[in-house]
Amino acid sequence: MTLPRTASRADWLEARKSLLVKEKELTRARDALSAERRRLPVVEVSPDYAFQGPAGSVRLVDLFDGRRQLILYHFMGAIPGYGWCPVCSFWIDNVGHPAHFHARDTTFVVDCPEPWSDVEAFVARMGWTVPFVSSHGTSFYEDFHVELGGAPGEVDAPGVSVFLREGDAVFHSYSTYRRGSDHLNGTYAYLDLTPLGRQEDHLEDKMDWMRLHDEY
């Protein structure tokens, strides 16, 4: 890779201020988009899905843990002939401390379609403290891991869905997949600040460099 040009501090400051104008424009545009996202209609979720987790069988409404909002990550699980998904693992490695979600009346949970015993063992291996459940044996994963304009059969990972609770009624408000979840990944955000960036341009599959964090 060719290194950026060398400049004086004064030249750097001028270039940095010019970029700052564009960064502020992007911030304002992102704020406006987030406001529009919050105005999306919601859809009541009627099936009473049963998940398996540390506490045994729980319903979708139970995943809120008494809070108003639920952010749920759709974990792909084990890929036949490949193993547990390193992309999903990369995203879970970047999830923040739950106390900050809870302070905003929000719960974060990861769902995986694999049997709970397999999920539990993998979570222990990875050392994660993020809450996990299994939707194995239900249609939940297929119902919400939808294609949004992608190519037929294209794997929509990473995937995140958002739910709102009103009493015992649960409403689906939002889902996003693949590049739509880029801004949720802290490692990507930090790498984007660096001169070398994500270092993915030479890869046909931009996520092909990812490994489970104990396999690098």
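## Packing and hollows, term by term

Q: Which elements do the buried residues of H2 pack against?
A: The partners of the buried H2 residues are S4, S6, S7, H4, strand S8 (132–134) and H6. Packing rests on contact, meaning heavy atoms within 4.5 Å. The labels stand for DSSP runs numbered from the N terminus, with at least four residues of H or I for a helix and at least two of E for a strand.

Q: What kind of model is this, and what pLDDT do local features need?
A: This is a predicted model, in which local features need pLDDT of at least 70, side-chain atom pairs count only at pLDDT 80 or more, and totals for chains, interfaces and linings use all residues. Residues are numbered from 1 along each chain as its sequence is written, while side-chain values use heavy atoms and leave out hydrogens and water.

Q: What makes H2 mostly covered?
A: Seven of the eight residues of H2 are buried, a word that stands for under 20% relative accessible area (exposed is over 50%, partly exposed lies in between; 1.4 Å probe, protein chains only). The buried ones are Pro86, Val87, Cys88, Ser89, Phe90, Trp91 and Ile92.

Q: Why is Trp84 called buried or exposed, whichever applies?
A: Its relative accessible area is 18%, so Trp84 falls on the buried side. Trp84 sits in strand S6 (residues 83–84). Leaving aside residues up to four places away in sequence, it touches Phe75, Gly77, Ala78, Ile79, Cys112, Glu114, Asp118, Val119, Phe122 and Leu212. The C-alpha atoms of Trp84 and Glu215 are 12 Å apart, with these positions 131 residues apart along the chain.

Q: Why does Asp105 get its accessibility class?
A: The relative accessibility of Asp105 is 34%, and therefore it counts as partly exposed. Asp105 belongs to the loop between helix H3 (98–102) and S7. Its phi is near 60 degrees, a positive value in a residue other than glycine. Gln199, in the segment after H6, is not a glycine either and has a positive phi of about 55 degrees.

Q: What makes a set of residues a nonpolar core?
A: The members must be buried Ala, Val, Leu, Ile, Met, Phe, Trp, Tyr or Cys residues joined through side-chain atoms within 4.5 Å. The largest such core has 27 residues, of which Tyr73, Phe75, Trp91, Ile92, Val110, Trp128 and Phe132 touch the most other members. Helix H2 (86–93), S7 and helix H4 (116–126) are the elements that give two or more residues to this core. A second, separate core of 16 residues includes Val45, Tyr49, Val61 and Phe144.

Q: Which residues does Trp91 touch, not counting those up to four places away in sequence?
A: Trp91 touches Tyr73, Pro158, Ser181, Asp182, Leu184, Asn185, Tyr188, Met207 and Met210.

Q: What makes a space a cavity, and what makes it a pocket?
A: On a 1 Å grid over the protein atoms alone, a cavity is a set of points where a 1.4 Å probe fits but cannot get out; a pocket is an open set with protein on both sides within 12 Å along at least five of seven lines, and lining residues have an atom within 4 Å of a point. By this rule there is one cavity of 30 Å³ or more. The largest cavity holds about 40 Å³, with volume taken as the space filled by probe spheres set on points joined across faces, edges and corners. Val95, Gly96, Pro98, Phe101, Phe108, Val130 and Pro131 form its lining.

Q: How is the lining of the largest cavity divided by class?
A: It has six nonpolar residues, one polar and no charged. Ala, Val, Leu, Ile, Met, Phe, Trp, Tyr, Cys and Pro count as nonpolar, Asp, Glu, Lys and Arg as charged, and the others, Gly among them, as polar.

Q: What lines the largest pocket?
A: There are 43 lining residues, with Arg30, Gly180, Asp182, His183 and Leu184 nearest the centre, around about 1,600 Å³ of space. H1 gives the most, 11 residues. By class, the lining has 22 nonpolar, 12 polar and nine charged residues.

Q: And what lines the second largest pocket?
A: Its 24 lining residues include Val87, Asp205, Lys206, Met207 and Asp208, which lie nearest the centre. The space comes to about 550 Å³, and the lining splits into 11 nonpolar, two polar and 11 charged residues.
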